[in-house]
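Happy to walk through this one with you. Shall we take a few questions one at a time?

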Amino acid sequence: MSTAWENISQHARPVSLPDAYLRLKTVLDDPKSNLADVADVVGKDPAMAARLLRIVNSAYFGLATEVDTVSRAVALLGTQDVHDLMLAASVTQSFEGLSDQVVDMERFWLKSVLCAICARELATLCNVLDSERLFVGGLLRDIGHLLIYQAEPHKAQRAIELAQLQNAPLYKAERAVLGIDYARVGAELMRQWQLPRSLWEPTEFHIEPKSSGDYALFTALVHIAAVLADAPDRDQDIDSALETVSGIAWELTGLSPAECALVPHRAHSQVTGVMQLILPHAQAA
């Protein structure tokens, strides 16, 4: 483990996932567990049960009939989607209370949700069945910045200024100033949380998808989604932003710039609804 990571992890506010999520993960990790066991652990936590029912009955899923029991929600979604959606809500909960003086949290989550929806839309275009896992991958790809901004706010600002001065990617400036980049920090945190490789690998390598391994397709999709979500902050139009997409990402996904250019418009129309699902107190615009 690098000294740079140790420095950031020691100086940032400790971040742990909620106990309710950890209980759910314990059940899901047990090979002997079944859908009834999952429904039981969710049902015993009123907040988690309410959140799951709110999500499954939302426009996000667009089901024809209302789902009124946790057991039916679990049966409809399956264990992986239940895990991934509860993880998404749990991560946002874990960072509640972080001062807006450190980072504009609402703006941070708005962009993260936009990236998540873009990743899910791109996965659908590629006929990837794990679209909810891609949603979570897009949501979490930037969480390393939350730790960096807490632990090294002055160096973080220097990295931003250096990237602007050199017209270089931020992660390269962070490596120069901090000795580590936000993607690696985020992946290290996710490994501490014992999240699956299919989540932390896209986080670590979406900045350089050619370095990805077992989950190269997931990483490529998160890479493209991140380019689309970051474009407004970089004052780029979508077509110009897509010119920065790694060639390996086009090769792995089989997508075209023309297909991807349509995704942000569809994603923007969903952002407010999704923000209200995973961050019910946020006032998304």
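What follows is a short exchange about two helix pairs and one loop residue in this predicted model.

Reader: Is helix H7 parallel, perpendicular or oblique to helix H18?
Author: Good place to start! The axes of H7 (residues 105–125) and H18 (residues 263–278) come within 8 Å and cross at roughly 125°. Angles over 115 and up to 145 degrees fall outside the parallel, perpendicular and antiparallel ranges. Therefore H7 is, relative to H18, oblique.

Reader: How many nonpolar residues does the contact of H7 with H18 have?
Author: On the H7 side the contact includes Trp109, Leu110 and Val113, and on the H18 side Val271, Val274 and Met275 are among the residues met. Charged residues take part as well, including Glu106 of H7 and Arg266 of H18. By class there are four charged and two polar residues, and the nonpolar ones number 15.

Reader: And how does H6 lie relative to H8, roughly parallel or roughly antiparallel?
Author: The axes of H6 (residues 79–94) and H8 (residues 131–140) come within 9 Å, crossing at roughly 20°. The cut-off for this class is 35 degrees, and angles under it count as roughly parallel. So H6 is, with respect to H8, roughly parallel.

Reader: Is glutamine 236 buried, partly exposed or exposed?
Author: Glutamine 236 sits in the loop between helix H14 (216–230) and helix H15 (238–242). Leaving aside residues up to four places away in sequence, glutamine 236 touches Ala231, Ala241 and Thr244. Buried would need under 20% relative accessible area, and exposed over 50%. The relative accessibility of glutamine 236 is 26%, so this residue counts as partly exposed.

Key: Residues numbered from 1 in each chain as written. Predicted model: local features only at pLDDT ≥ 70, side-chain atom pairs only at ≥ 80, totals over all residues. Heavy atoms only, no water. Axes fitted to C-alpha atoms, helices over the stretch in contact; angles between N-to-C directions. Helix = DSSP H or I, 4+ residues; strand = E, 2+ residues; numbered from the N terminus. Parallel < 35°, antiparallel > 145°, perpendicular 65-115°, else oblique. Contact = heavy atoms within 4.5 Å. Nonpolar A, V, L, I, M, F, W, Y, C, P; charged D, E, K, R; others polar. Buried < 20%, exposed > 50% of the residue type's maximum accessible area, 1.4 Å probe, protein only.
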